[in-house]
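Have your viewer open and your selection tool ready. We will go from stop to stop, and at each one you will hear what to select and what is there.

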Amino acid sequence: MNNTLSYYEIFYTVARQGSISRAASELFISQPAVSKAIRKLEQNLSVTLFIRTARGVSLTEDGKLLFSHVETALSSLSEGEYLLKKNRDLEVGHLHIGVSTTLCKYVMLPYLQSFTTANPHIHVAINCLSSADTARGLEENRLDLGLIGHIPGLRNVEFEKLLEIEDTFVTSKQYLDSLALREGIEPSSASRELFARATLILLDRENISRQHLDSYFERHGITPGQVLETSSMDLLVDFARVNLGIACVIRDIVREEIENGTLIEIPLTHKIPKRTVGFAYSKAAKQNPAVEKFREFILSR
């Protein structure tokens, strides 16, 4: 293949120069080597490419057809080499990031804003995926990095801790008042009876956060009653605001609303264990200079 490519380069140079001697001079090889390469290419293709005259060479009809395609191919290769050099010079790169909508909005966005400002030539593509789907994308090398909750046992993925998050239960005062009237429950603490009789607003069972909560329920012998499921953390908060039930959300997301009384935090006898969130990297993607630049950026903050 390498020889064939060099034959085409020699053919192209001879055709452009109209002379074997001038082509040899341009390519810094001998005239016999040029003539041999042309003969070999003609044999391989079973055609005559040049008409040889005392003044040099000219293309046959077959030669003209081949020349048009070789010219396009070599031009494309040159453009590719130019773009690669340009990418290196400008530090152009590509990052394919997987992150849930919630983590993107509340955690990733400030990092992303600063990173893209500092590295305007790096192209960033965000895939809004659950932590589980992001983890699969990393394992299968479809993503370069992801912001996810820690998942033990991932293959060919490195995880770097960023922060800890804490889940809590919130609802509206109106819902609590209604629950007290309807069920006679005073939710001074999150009792088993409260969870059994209230409407719980939770993420769907495919979500890592929901699986973490289900483990908490199982450990403490809690059997939820009516459950309203959604795939969006923001919708959990919205549903709690409009008195649909008690939502389990990340505490930092509703901190302000808890403090101003828009939402009421249900005190827990046993707190839900904190979860670790961090950046996960495909080991293969670490060869990508843009990934290394992003890691250096995160570690420097």
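## Stop one: a threonine at the end of a strand

Start with Thr-230 and, leaving aside neighbours within four places in sequence, show what it is in contact with: Leu-202, Leu-203, Asp-204, Leu-235, Leu-236 and Phe-239. Keep in mind as you look around that this is a predicted model. Thr-230 sits in strand β9, which covers residues 226-230. Is Thr-230 buried or exposed? Its relative accessibility is 10%, and because buried means under 20%, Thr-230 counts as buried. Now pick out the side chain of Thr-230, which reaches the backbone nitrogen of Ser-232 at 3.4 Å. For a link across the sequence, select Ile-201 too: it is 29 residues away along the chain, yet the two C-alpha atoms are separated by 7.7 Å.

## Stop two: a glutamate in α3

Next, select helix α3, residues 31-45, and find Glu-42 in it. Which backbone nitrogen does the side chain of Glu-42 reach? That of Phe-50, at 3.5 Å. Glu-42 is buried, with a relative accessible area of 12%. Beyond its neighbours within four places in sequence, Glu-42 is in contact with Val-47, Thr-48, Leu-49, Phe-50 and Arg-52.

## Stop three: helix α6

Select residues 131-139 to bring up helix α6, where seven of the nine residues are buried. These are Ser-131, Ala-132, Thr-134, Ala-135, Gly-137, Leu-138 and Glu-139. To see what covers them, add the surrounding elements, including β3 (93-99), α5 (101-118), β5 (145-149) and β12 (275-282).

Then turn to Asp-133 and Arg-136, whose side chains meet in a salt bridge at 2.2 Å, N to O. Both lie in α6, three residues apart, about one turn of the helix. An α-helix has 3.6 residues a turn, so residues three or four places apart point the same way. Asp-133 is partly exposed at 32% relative accessible area, and Arg-136 is partly exposed at 42%. Just after α6, look for Asn-141, which takes a positive phi of about 60 degrees.

## Stop four: more charged pairs

Select helix α7, residues 173-183, for Lys-173 and Asp-177, which lie four residues apart. Their side chains meet in a salt bridge at 3.0 Å, N to O. Lys-173 counts as exposed at 52% relative accessibility, whereas Asp-177 is partly exposed at 39%. To see a network of salt bridges, select Arg-205, Arg-210, Asp-214 and Glu-229 together.

## Stop five: the cores

Which residues have the most contacts inside the largest nonpolar core? Select Leu-95, Met-108, Leu-147, Val-249, Val-254, Phe-279 and Phe-294; the core has 37 residues. Elements that give two or more residues to this core include β3, β8 (199-203), β10 and α12 (289-299). Helix α5 gives the most, with seven residues. Apart from this core lies another, of 21 residues, among them Ala-15, Ala-23, Val-57 and Leu-74.

## Last stop: a nonpolar patch

Finish on the surface by selecting Leu-228, Val-242 and Leu-244, which make a nonpolar patch of about 230 Å². Leu-244 lies in the loop between α10 (233-241) and β10 (246-250), and at 39% relative accessibility Leu-244 counts as partly exposed.

Conventions
Residues numbered from 1 in each chain as written. Predicted model: local features only at pLDDT ≥ 70, side-chain atom pairs only at ≥ 80, totals over all residues. Heavy atoms only, no water. Buried < 20%, exposed > 50% of the residue type's maximum accessible area, 1.4 Å probe, protein only. Contact = heavy atoms within 4.5 Å. Polar contact = N/O pair within 3.5 Å; in protein donor to acceptor, adjacent residues only side chain to side chain. Patch = residues over 30% accessible without salt bridge, like charges linked within 9 Å, V, L, I, M, F, W, Y side chains within 5 Å. Areas by Shrake-Rupley, 256 points an atom, 1.4 Å probe, with all protein chains shown as cover. Salt bridge = Lys/Arg side-chain N within 4 Å of Asp/Glu carboxyl O. Core = buried A, V, L, I, M, F, W, Y, C linked by side-chain atoms within 4.5 Å.
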